[in-house]
Number of protein chains: 2
Amino acid sequence: MKEQFRLDNQLCFRLYTASRLLTQAYNPLLSGHGLTYPQYLVLLVLWEKDSQPVNDIAKRLLLETNTVTPLLKRMEAEGILTRTQGKKDARQMIVTLTKKGRDLQDELACVPETVGSAVMCKSVNRDTVPALFETLDGLIKQLSQR
Amino acid sequence: MKEQFRLDNQLCFRLYTASRLLTQAYNPLLSGHGLTYPQYLVLLVLWEKDSQPVNDIAKRLLLETNTVTPLLKRMEAEGILTRTQGKKDARQMIVTLTKKGRDLQDELACVPETVGSAVMCKSVNRDTVPALFETLDGLIKQLSQR
DNA sequence: TATATTTGCATCGTGAACGATATAATTAAC
DNA sequence: GTTAATTATATCGTTCACGATGCAAATATA
């Protein structure tokens, strides 16, 4: 048995598992508002800057438009946002929050802190998170440039 | 705009993105052998210890059996493994690699190194990976205990 | 031994991810 | 001004992740 193949030596398995479990931690906080975790990410993007074309949202999240489009359509069906054809460029669909979408920011105000405190532990804390962020940012940059 | 909601401050978005991108790095290496990344994880588990019940595989990967079962059935259809009813406990399905499944270990021998070198960069290297592993392990432990 | 509970696995439905492909609008080249 | 190439979305098919539920075998309890 090669050491390289040991599950405990895999970075990807750790990232995959950590990502799944952390998403699971968000779900109970979001589901009451009819949201999934990727939909919450879209809200984060739109709260920062409203009325963006689909493409900009996808690029910000490093996702493809064929992933984002059905997600946005579900959010539109929920009345969280609207999709309107662009005026300058008729190919673009401009995504804009509704009042309901904007109001969700206040309703979800406690989410970051709740998840944050669920995550904090001996090895994840104020001292370790900056290095973790830096390493993950480097990894993401490395992987998205190819 | 609350600082807590900034996408760039989210641990989960980093993990989610890093996990997706790293999985994408595996796909071209696996797809030629008819494998997906989660199927590769199953192989890692079975190469370490063959002939395990579904439940043990699921627990090792921190997945639910309703995720693993269809995945195993696809792998069985590909001739990579067999699923046979347990003798001691008839509720258990024992998963065993076929010759094809065992041979895949040699065929995929270069995968860990190939992905490893694709990942290595200024911020992900011999010096930073141990701390990254430790932090992620702590996070996974924290999140799986609730 | 009969009944109740637990356990292992499977099925179903929904929402993502993503490659491949399609369509329509825009832009570039000729 | 046509035609060609590019760009912005959308559609389709396959695989996962996971909650809810079902079922049968095993175990605990009466």
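User: Which polar backbone atom is 3.0 Å from a phosphate oxygen of DNA strand D?
Analyst: That one belongs to A:Met93. Keep in mind that this is a predicted model.

User: OK. What other phosphate contacts does chain A make with strand D, say at A:Gln24?
Analyst: At A:Gln24 the side chain does the work: one of its N or O atoms is 2.4 Å from a phosphate oxygen of DNA strand D. There's also A:Val54, where a polar backbone atom sits 3.4 Å from a phosphate oxygen of that strand.

User: How many residues surround DNA strand D, and which are the closest?
Analyst: 26 residues surround DNA strand D, and the closest are A:Tyr16, A:Gln24, A:Arg83, B:Thr36 and B:Arg74. Of the strand D atoms that come within 4 Å of the protein, sugar and phosphate account for 75%.

User: And what's the chemistry of that surface?
Analyst: The residues near DNA strand D split into 8 nonpolar, 10 polar and 8 charged.

User: Which helices supply at least two residues each there?
Analyst: From chain A, you have α1 (11-31), α3 (54-60) and α4. Chain B adds α2 (37-48) and α4.

User: Now strand C. How many residues surround that one, and which are closest?
Analyst: For DNA strand C the count is 25, with A:Thr36, A:Gln39, B:Gln24, B:Thr69 and B:Arg83 as the closest. Sugar and phosphate make up 73% of the strand C atoms that come within 4 Å of the protein.

User: Where do the helices come in for strand C?
Analyst: Chain A brings α2 (37-48) and α4 (65-77), while chain B brings α1 (11-31), α3 (54-61) and α4 (65-77). Each of those supplies at least two residues of the surface near DNA strand C. By type, the residues of that surface come to 8 nonpolar, 10 polar and 7 charged.

User: What does B:Gln24 do with a phosphate oxygen of strand C?
Analyst: A polar atom of the B:Gln24 side chain lies 2.4 Å from a phosphate oxygen of DNA strand C. Backbone atoms take part too: an N or O of B:Asn55 is 2.6 Å from a strand C phosphate oxygen, and a polar backbone atom of A:Ala90 is 3.1 Å from one.

User: Switching to the protein itself: how are chains A and B related?
Analyst: Chain A superposes on chain B with a rotation of 180° and 0.0 Å of shift along the axis, at an RMSD of 0.0 Å. So that's the relation of a two-fold axis.

User: Which surface do the copies meet through?
Analyst: The same surface on both, because 100% of the interface residues of chain A are also interface residues in chain B.

User: Got an example of a cross-chain contact, maybe B:Arg20?
Analyst: Sure. B:Arg20 lies in helix α1 of chain B. Setting aside its neighbours within four places in sequence, B:Arg20 is in contact with A:Leu61, A:Leu62 and A:Leu63. A polar atom of the B:Arg20 side chain is 3.3 Å from the backbone oxygen of A:Leu61.

User: How far is B:Arg20 from B:Ala77?
Analyst: C-alpha to C-alpha they're 26 Å apart, with their positions 57 residues apart in sequence.

User: What's the angle between α2(B) and α4(B)?
Analyst: About 85°, with the axes 10 Å apart. That makes α2(B) roughly perpendicular to α4(B).

User: Which residues meet there?
Analyst: On the α2(B) side you've got B:Pro38, B:Gln39, B:Val42 and B:Leu43. They meet B:Leu71, B:Leu72, B:Arg74 and B:Met75 of α4(B). That contact divides into 6 nonpolar residues, 1 polar and 1 charged.

User: Last one: how many helices and strands are in chain A, and in what order do they run?
Analyst: Chain A has 7 helices and 3 strands. Starting at the N terminus, the order is α-α-β-α-α-β-β-α-α-α. The C-alpha atoms of chain A fill a box of roughly 60 × 35 × 25 Å along the principal axes.

Technical notes
Residues are numbered from 1 along each chain as its sequence is written. Chains are lettered from A and ligands numbered from 1 in the order in which they are written. This is a predicted model: local features need pLDDT of at least 70, side-chain atom pairs count only at pLDDT 80 or more; totals for chains, interfaces and linings use all residues. Side-chain values use heavy atoms; hydrogens and water are left out. Copies are superposed by least squares on the C-alpha atoms of residues with pLDDT of at least 70 in both. Contact means heavy atoms within 4.5 Å. A residue is near a molecule or strand if one of its heavy atoms lies within 4 Å of it. A polar contact is a pair of N or O atoms within 3.5 Å; within protein, one must be able to donate a hydrogen and the other to accept it, and residues adjacent in sequence count only if both atoms are side-chain atoms. Helices (H or I, at least four residues) and strands (E, at least two) are DSSP runs, numbered from the N terminus. Ala, Val, Leu, Ile, Met, Phe, Trp, Tyr, Cys and Pro count as nonpolar, Asp, Glu, Lys and Arg as charged, and the others, Gly among them, as polar. Axes are lines fitted to C-alpha atoms, for helices over the stretch in contact, and angles run from 0 to 180 degrees between N-to-C directions. Angles under 35 degrees count as roughly parallel, over 145 as roughly antiparallel, 65 to 115 as roughly perpendicular and the rest as oblique.
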